[in-house]
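Please look over the sequence and structure below before reading the notes that follow.

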Number of protein chains: 2
Amino acid sequence: MTGLKTYAAAQGSRVDRALRRCLPSGRTRPATLHEAMRYSVFAGGKRLRPILCLAAAEACGDDGERALPAACAVECVHTYSLIHDDLPCMDDDDLRRGKPTCHKVYGEAVAVLAGDALLTLAFELVAGSAPVRRHRPAEMVRELAVAAGSRHLVGGQVMDIEGEGSGLGPRELRFIHEGKTAALLTASLRLGGMAAGATPRQLQALGEFGQATGLAFQIIDDILDVTQTSEKLGKSAGKDEASDKATYPAVHGLDKSRREAERLTRAAVASLKPFGGRAARLEQLAAYLLQRDY
Amino acid sequence: MTGLKTYAAAQGSRVDRALRRCLPSGRTRPATLHEAMRYSVFAGGKRLRPILCLAAAEACGDDGERALPAACAVECVHTYSLIHDDLPCMDDDDLRRGKPTCHKVYGEAVAVLAGDALLTLAFELVAGSAPVRRHRPAEMVRELAVAAGSRHLVGGQVMDIEGEGSGLGPRELRFIHEGKTAALLTASLRLGGMAAGATPRQLQALGEFGQATGLAFQIIDDILDVTQTSEKLGKSAGKDEASDKATYPAVHGLDKSRREAERLTRAAVASLKPFGGRAARLEQLAAYLLQRDY
């Protein structure tokens, strides 16, 4: 097994090629819309969610080929959520991954619509997945829709906005982190598993791994936002604190946040037991995500 | 066969009951989001698209019960598109169906997100359709996603915005009307057909009926916007003209617009031939939509 860097680069390129195929070209009418969609999708994301999706498929004994539509779909959902989160009426961010945000380049109206179109495309892609034993494409659509919907991804963003300055409690904070981060990571993993014909036990394990990894990742992000600089993060650091946004360190303190991140990291690794050695990539990915200097 | 009014009222109530069941309650966390979704969905829409969906299912020999998830889904997509179109960065409308628009009541951020959540819910609903002979739920998801996506619904809105003040040609105007109106009407009809196990020939006919009806409907709307007052329309009349938006009368003149609407109306009726008497409701609905005083 080659190193994680090589693996992630190879899988990232594989996803990029697939995304280039499944996104309409920048010359497709209306050109501005398709340019904006491609601008944000190819703005330098690490393809974390698609790579997790493919790695989950591999853990279930597939080469990931059948999981590619789902892998592209979760990246489309992720990108849409970033475009909308960055809007002036939400987080009002000018930079994302060190580049101007979609609305800064294409204007607010096109940014809203590019997000809408990416979300819609995600469902088109998943619905076009090849049927496999145990899981129908429609079941995969539901999995993605629930994770992206009002009780998880969108709901988390709403609660995040509402919580600004109002001192949210631990339960609301958990809802935000689960919704904004863990839900889509979990769906990415479970969709990869479904595309590979995962057993119920395997799907359950992927779900637990996703929840633990997603929450830990978000808590670490919160910690880093407090402790690092803009340059390293490629976005405006200290922003969460400045706007009095709910974060783990703000609610629980830095020490408790670190302990919780460590506990969740152990839980993530433990959840992979049912896969034996076949989940080595997922373990490496969790280590990459969670063993940061926080 | 009872009158169209009774039929539409009964089907509208049936759809409303189904929508009440499938939308999370206004007390579901986060409450503001779910309230906003319900506010816009229950703001007095005529349920045109769901009623067409159910009538198409009936024309294919079903009682419409299996088409209910799709009927609710097309209404969710329609409502989402209205919420986003009304935003300050787009059409900047304060009123919709005579009531304050979503962002006027809940703020821009929640309005964007309520739209996002309704779009997502639509795919969850369609994916949950019962499998029928000939058409898998995943195929229905694709049908809806293509109609709602960047080449149709969203694309039409982008071209509409870009065309403001720039004097669009007939081809661009057609793209806008097809995308913003005909595509979702057509998908509503075809989804109803699919849920009822329609034959390829029946689906084709429903598609032609939808295209003709949708375009005619939009042309008539354009004409009425020029010739009627705010009070009658329940929205700001003359707005299209004032903002130099592309409309059929602006590009083709009133007379040619009226002739085109009449031609399409005849085409719509002709396309229903394969159904024989079973498409009587669709014929009545087309008459209701298109035989307005324009």
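**How the two copies are arranged**

Within chain A, the residue that comes closest to the rotation axis is A138(A), whose C-alpha lies at 2.4 Å. This is a predicted model, in which local features need pLDDT of at least 70 and side-chain atom pairs count only at pLDDT 80 or more, while totals for chains, interfaces and linings use all residues. Residues are numbered from 1 along each chain as its sequence is written, and chains are lettered from A and ligands numbered from 1 in the order in which they are written.

**Symmetry**

- Chain A is superposed on chain B by a rotation of 180° with 0.0 Å of shift along its axis, at an RMSD of 0.0 Å (a least-squares fit on C-alpha atoms of residues with pLDDT of at least 70 in both copies).
- The two copies are thus related as by a two-fold rotation axis.

**Interface**

- 44 residues of chain A are in contact with 44 residues of chain B (contact means that C-beta atoms, placed from the backbone, lie within 7 Å).
- On the side of chain A that touches chain B, helix 6 of chain A gives the most, with 13 residues (helices are DSSP runs of H or I, at least four residues, numbered from the N terminus).
- The copies meet through the same surface, because 100% of the interface residues of chain A are also interface residues in chain B.

**L206(B)**

- L206(B) lies in helix 10 of chain B, residues 200-227.
- L206(B) is buried, with 32 other C-beta atoms within 10 Å (buried requires 20 or more, with C-beta atoms placed from the backbone).
- Leaving aside neighbours within four places in sequence, L206(B) is in contact with A56(B), L189(B), R190(B) and G193(B).

Definitions and conventions
Contact = placed C-beta atoms within 7 Å. Helix = DSSP H or I, 4+ residues; strand = E, 2+ residues; numbered from the N terminus. Buried ≥ 20, exposed ≤ 12 C-beta atoms within 10 Å, placed from the backbone.
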